Amino acid sequence: MTSESLVETHGASVLLWAPDGQKLSDGSGALDLIGEAMGCQAEVVAVPVERVDDAFFSLSSGVAGEIVQKFVNYRIRLVLVGDITPHTDGSQALRDFVREGNRGTQVWFVATRQELDEKLRQGR
(Lines give C-alpha, C1' and ligand atoms only; values in the text may rest on other atoms or scores of the structure.)
Protein backbone atom coordinates (compact mmCIF):
# COMPACT_ATOMS: atom_id res chain seq x y z
CA MET A 1 0.00 0.00 0.00
CA THR A 2 1.30 3.44 -0.88
CA SER A 3 0.70 6.62 1.05
CA GLU A 4 1.48 9.78 -0.82
CA SER A 5 1.34 13.00 1.14
CA LEU A 6 1.09 16.66 0.32
CA VAL A 7 3.20 19.09 2.33
CA GLU A 8 3.92 22.81 2.19
CA THR A 9 7.62 23.57 2.23
CA HIS A 10 8.92 27.13 1.99
CA GLY A 11 5.89 28.26 0.01
CA ALA A 12 5.85 25.28 -2.36
CA SER A 13 3.23 22.57 -2.41
CA VAL A 14 5.12 19.25 -2.57
CA LEU A 15 3.63 15.84 -3.35
CA LEU A 16 5.80 13.27 -1.58
CA TRP A 17 5.51 9.96 -3.40
CA ALA A 18 5.69 6.93 -1.10
CA PRO A 19 8.80 4.71 -1.32
CA ASP A 20 6.74 1.61 -2.13
CA GLY A 21 4.60 0.99 -5.19
CA GLN A 22 4.82 0.90 -8.95
CA LYS A 23 7.97 2.36 -10.47
CA LEU A 24 8.05 5.46 -12.62
CA SER A 25 9.20 3.94 -15.89
CA ASP A 26 7.77 5.84 -18.86
CA GLY A 27 5.82 8.82 -20.13
CA SER A 28 2.48 7.24 -19.33
CA GLY A 29 3.48 6.75 -15.70
CA ALA A 30 4.75 10.33 -15.63
CA LEU A 31 1.37 11.58 -16.89
CA ASP A 32 -0.41 9.58 -14.18
CA LEU A 33 1.84 11.14 -11.54
CA ILE A 34 1.36 14.61 -13.05
CA GLY A 35 -2.41 14.10 -12.93
CA GLU A 36 -2.15 13.16 -9.28
CA ALA A 37 -0.04 16.28 -8.61
CA MET A 38 -2.47 18.52 -10.47
CA GLY A 39 -5.38 16.98 -8.58
CA CYS A 40 -3.92 18.12 -5.28
CA GLN A 41 -2.42 21.34 -6.73
CA ALA A 42 1.18 20.31 -6.09
CA GLU A 43 3.93 22.34 -7.74
CA VAL A 44 6.68 19.83 -6.93
CA VAL A 45 6.68 16.03 -7.04
CA ALA A 46 9.31 14.28 -4.92
CA VAL A 47 9.95 10.71 -6.06
CA PRO A 48 12.13 8.33 -4.03
CA VAL A 49 14.88 6.81 -6.16
CA GLU A 50 13.50 3.35 -5.25
CA ARG A 51 10.39 4.21 -7.29
CA VAL A 52 12.34 5.08 -10.46
CA ASP A 53 12.98 2.37 -13.03
CA ASP A 54 16.67 1.69 -13.69
CA ALA A 55 16.16 2.53 -17.39
CA PHE A 56 15.76 6.18 -16.33
CA PHE A 57 19.42 6.25 -15.34
CA SER A 58 20.59 4.88 -18.68
CA LEU A 59 20.25 8.04 -20.74
CA SER A 60 20.55 6.18 -24.04
CA SER A 61 17.20 4.48 -23.26
CA GLY A 62 15.37 7.80 -23.66
CA VAL A 63 13.28 7.17 -20.55
CA ALA A 64 14.70 10.12 -18.58
CA GLY A 65 14.09 12.51 -21.46
CA GLU A 66 10.55 11.26 -21.95
CA ILE A 67 9.66 11.59 -18.27
CA VAL A 68 11.36 14.93 -17.70
CA GLN A 69 9.75 16.41 -20.82
CA LYS A 70 6.28 15.56 -19.50
CA PHE A 71 7.00 17.40 -16.25
CA VAL A 72 8.41 20.38 -18.16
CA ASN A 73 5.33 20.51 -20.40
CA TYR A 74 3.02 20.65 -17.40
CA ARG A 75 5.29 22.99 -15.42
CA ILE A 76 5.56 20.70 -12.43
CA ARG A 77 8.97 20.25 -10.83
CA LEU A 78 10.32 16.73 -10.56
CA VAL A 79 12.69 15.86 -7.73
CA LEU A 80 14.35 12.47 -7.38
CA VAL A 81 15.23 11.88 -3.73
CA GLY A 82 17.90 9.38 -2.73
CA ASP A 83 21.34 8.07 -3.49
CA ILE A 84 21.98 7.75 -7.23
CA THR A 85 25.76 7.33 -7.01
CA PRO A 86 25.56 3.68 -8.13
CA HIS A 87 24.19 5.05 -11.41
CA THR A 88 26.34 8.15 -11.74
CA ASP A 89 29.60 6.38 -10.90
CA GLY A 90 29.56 4.60 -14.24
CA SER A 91 28.24 7.38 -16.46
CA GLN A 92 29.76 10.77 -17.19
CA ALA A 93 26.68 11.63 -19.28
CA LEU A 94 24.38 10.97 -16.30
CA ARG A 95 26.63 13.01 -13.99
CA ASP A 96 26.38 15.89 -16.50
CA PHE A 97 22.59 15.48 -16.72
CA VAL A 98 22.28 15.59 -12.93
CA ARG A 99 24.56 18.62 -12.63
CA GLU A 100 22.62 20.55 -15.29
CA GLY A 101 19.28 19.58 -13.77
CA ASN A 102 20.36 20.78 -10.34
CA ARG A 103 21.42 24.15 -11.82
CA GLY A 104 17.88 24.78 -13.03
CA THR A 105 14.47 24.73 -11.43
CA GLN A 106 12.63 21.96 -13.30
CA VAL A 107 14.35 18.70 -12.32
CA TRP A 108 16.50 18.14 -9.25
CA PHE A 109 18.40 15.22 -7.84
CA VAL A 110 18.81 15.41 -4.07
CA ALA A 111 20.14 12.88 -1.58
CA THR A 112 17.65 13.64 1.20
CA ARG A 113 14.36 15.33 1.91
CA GLN A 114 16.31 17.89 3.94
CA GLU A 115 18.32 18.78 0.83
CA LEU A 116 15.04 19.33 -1.05
CA ASP A 117 13.78 21.56 1.76
CA GLU A 118 17.00 23.59 1.57
CA LYS A 119 16.72 24.07 -2.20
CA LEU A 120 13.13 25.23 -1.80
CA ARG A 121 14.15 27.55 1.04
CA GLN A 122 16.71 29.12 -1.28
CA GLY A 123 13.94 29.73 -3.78
CA ARG A 124 15.59 27.73 -6.53
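## Met 38 and the nonpolar patch

Met 38 is partly exposed, at 47% relative accessibility. That value falls between the two cut-offs: buried means under 20%, and exposed means over 50%. The model is predicted, and this value is computed from it.

Met 38 sits in helix 1, which covers residues 27–39. On the surface, Met 38 joins Leu 31 and Tyr 74 in a nonpolar patch. Together, these three residues have about 280 Å² of accessible area.

## The negative patch

A second surface patch carries negative charge. Its members are Asp 26, Asp 32, Glu 36 and Glu 66.

Glu 66 belongs to helix 2, residues 63–73. Its relative accessible area is 37%, so Glu 66 counts as partly exposed, between the 20% and 50% cut-offs.

## Overall fold

The protein contains five helices and five strands. Their order along the sequence is β-β-α-β-α-β-α-α-β-α. The radius of gyration is 13 Å, close to the 14 Å given by the globule rule for 124 residues. The protein is therefore as compact as a globular protein of that length.

The C-alpha trace spans about 35 × 30 × 25 Å along the principal axes. Of the 124 residues, 41% are buried.

## Gly 11, between two strands

Gly 11 lies in a loop. Strand 1 (5–9) comes before this loop, and strand 2 (12–16) follows. Gly 11 has a relative accessible area of 62%. The cut-off for exposed is over 50%, so Gly 11 is exposed.

Gly 11 can also be placed relative to Ala 42. The two residues are 31 apart in sequence. In space, their C-alpha atoms are 11 Å apart.

## Phe 97, in helix 4

Phe 97 is part of helix 4, which covers residues 92–103. Its relative accessibility is 24%. Buried would need a value under 20%, so Phe 97 counts as partly exposed.

Ala 42 serves as a reference point here too. Phe 97 and Ala 42 are 55 residues apart along the chain. Their C-alpha atoms are separated by 24 Å.

Terms used:
Residues are numbered from 1 along each chain as its sequence is written. This is a predicted model: local features need pLDDT of at least 70, side-chain atom pairs count only at pLDDT 80 or more; totals for chains, interfaces and linings use all residues. Side-chain values use heavy atoms; hydrogens and water are left out. Patches are made of residues with over 30% relative accessible area and no salt bridge: like charges are joined within 9 Å, nonpolar side chains (Val, Leu, Ile, Met, Phe, Trp, Tyr) within 5 Å. Accessible areas come from the Shrake-Rupley method with a 1.4 Å probe; for residues, only the protein chains shown count as cover. A salt bridge is a side-chain nitrogen of Lys or Arg within 4 Å of a carboxyl oxygen of Asp or Glu. Lys and Arg count as positive and Asp and Glu as negative; His and the chain ends are not counted. The place of a charge is taken as NZ of Lys, CZ of Arg, CG of Asp or CD of Glu. Helices (H or I, at least four residues) and strands (E, at least two) are DSSP runs, numbered from the N terminus. Buried means under 20% relative accessible area, exposed over 50%, partly exposed in between (1.4 Å probe, protein chains only). The radius of gyration is taken over C-alpha atoms; the globule rule is 2.2 Å times the number of residues to the power 0.38.
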